[in-house]
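Please keep the structure open beside this note while you read. The points below go through two parts of it in turn, and each point can be checked against the model.

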Amino acid sequence: MVNLVAAQKPLLHGLMKMAGIQPHTIEIEPGTVMSIWVPSETIQKPKKSKTAEVATTVKPTKPVVVLVHGFAAEGIVTWQFQVGSLTKKYSVYVPDLLFFGSSVTDSSDRSPRFQAECLAKGLRKLGIEKCTLVGFSYGGMVAFKMAELYPDLVEALVVSGSILAMTDSISHTTLSSLGFNSSAELLLPTTVKGCRALLKVAAHKKLWFPDRLHKDFLEVMFNNRKEREELLEGLVVSNKDTNIPEFPQRIHLLWGKNDQIFKLELAQKMKEELGDNATIEGIEKAGHLVHLERPCVYNRRLNKFLASFHAHANQAKYEV
């Protein structure tokens with residue numbers, strides 16, 4: 001029987017190519033490969049020869065926006081409603097983090113820091129000198145870490161449904177309030193019941209899908225289970241080992257007001273901890289999956305922030 005989720009992938013790939021991005025694979029280091037959807041205009045087709053050649057890329061000519069996905073799906077599945085709204089004004093890059101899509105590593109490091117380091121190396125290999133990161137959930141934690149490590153590369157951040165670090169206290173409180181025993185039970189379901197439970201807490205609206213679609217989603221989207229469980233274990237840090245970095249970047253927290261996983265109150269507290277460089281904006285009638293539940297509103301708010309940021313950045317250049 002045909003897997004309905006897998007059958008939709010070619011259509012999604014076609015839509016992404018129509019929006020102006022194409023898949024590209026980069027060797028970050030020996031044993032580590034990352035798949036990144038890149039602007040079509042940056043890809044140079046290899047010349048015909050007897051030996052196989054890999055397509056090369058050129059530097060982007062527009063401001064760069066990098067969309068970093070969450071834990072339940074790979075890049076273009078997560079950001080399918082955002083790409084088309086951005087590609088006219090921005091060079092859009094959509095990576096698959098390690099153990100998502102076709103991105104893999106033989107390293108045993110499962111920390112958000114390692115994900116951030118690999119993503120930064122990949123972007124620099126693509127000729128990117130400055131970028132704005134847009135991170136959702138797990139991708140937001142990777143984006144925060146990348147902004148901390150590479151302030152010369154990351155000039156601004158937009159984060160939805162995420163936190164600076166998953167401390168043991170936040171992990172325990174969040175899971176207890178949702179009725180789950182572990183992050184893996186929540187984020188790596190093995191049954192239709194588990195998939196329904198994840199959707200119930202992630203979405204504000206009551207969404208219904210037939211059992212077969214849940215089964216197909218489980219089969220396609222939750223591969224590399226062992227490694228992903230290790231990624232979840234690598235997320236949690238002790239309260240005493242955490243500190244709030246002093247970010248030089250502008251940070252915009254774009255939140256679903258009905259997020260049950262990382263509640264709006266948590267985002268408001270984080271905004272205060274981040275200081276004057278941070279702003280916060282809530283979107284009504286949206287939960288953790290704010291970019292999927294209210295894509296039009298989300299896209300307007302995202303584009304508004306990006307336009308404002310680049311206008312101020314350009315003005316600062318002229319003043320200098």
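1. In this predicted model, the buried residues of helix 9 pack against four elements, namely helix 1 (4-19), helix 2 (75-78), helix 8 (192-202) and helix 10 (225-235). Helix 9 itself spans residues 211-221, and its buried residues are H214, D216, L218, V220 and M221; in this note, a residue is called buried because its relative accessible area is under 20%.

2. How do helix 1 and helix 9 cross? Their axes come within 7 Å and cross at roughly 65°, which means that helix 1 lies roughly perpendicular to helix 9, since angles from 65 to 115 degrees are placed in that class. The residues that meet here are L4, V5, A6 and K9 from helix 1 and, from helix 9, R212, L213, D216, F217, V220 and M221. Sorted by class, this contact holds 7 nonpolar residues and 3 charged ones, with no polar residue.

3. The crossing of helix 8 with helix 9 can be read in the same manner. The two axes come within 9 Å and cross at roughly 90°, so helix 8 is roughly perpendicular to helix 9. On the helix 8 side the contact is made by V192, C195, R196 and L199, while helix 9 contributes D211, H214, K215, F217 and L218. By class, the residues of this contact divide into 5 nonpolar, 1 polar and 3 charged.

4. Turning to the strands, you may ask how many residues of strand 5 are buried. Strand 5, which covers residues 64-68, is mostly covered, with 5 of its 5 residues buried. In a regular strand the side chains alternate between the two faces of the sheet. For strand 5, V64, V66 and V68 belong to one side and V65 and L67 to the other, and both faces are covered, as all of these residues are buried.

5. Which strands does strand 5 pair with? It is joined to strand 6 (residues 91-95) by 3 bridges, and these two strands run parallel; within this pairing, V64 stands opposite S91 of strand 6. Strand 5 is also joined to strand 8 (residues 131-136), here by 4 bridges, and this pair runs parallel as well; in this case V68 of strand 5 stands opposite G135 of strand 8.

How values were computed
Residues are numbered from 1 along each chain as its sequence is written. This is a predicted model: local features need pLDDT of at least 70, side-chain atom pairs count only at pLDDT 80 or more; totals for chains, interfaces and linings use all residues. Side-chain values use heavy atoms; hydrogens and water are left out. Buried means under 20% relative accessible area, exposed over 50%, partly exposed in between (1.4 Å probe, protein chains only). Contact means heavy atoms within 4.5 Å. Two strands pair if DSSP finds at least two bridges between them. Axes are lines fitted to C-alpha atoms, for helices over the stretch in contact, and angles run from 0 to 180 degrees between N-to-C directions. Angles under 35 degrees count as roughly parallel, over 145 as roughly antiparallel, 65 to 115 as roughly perpendicular and the rest as oblique. Ala, Val, Leu, Ile, Met, Phe, Trp, Tyr, Cys and Pro count as nonpolar, Asp, Glu, Lys and Arg as charged, and the others, Gly among them, as polar.
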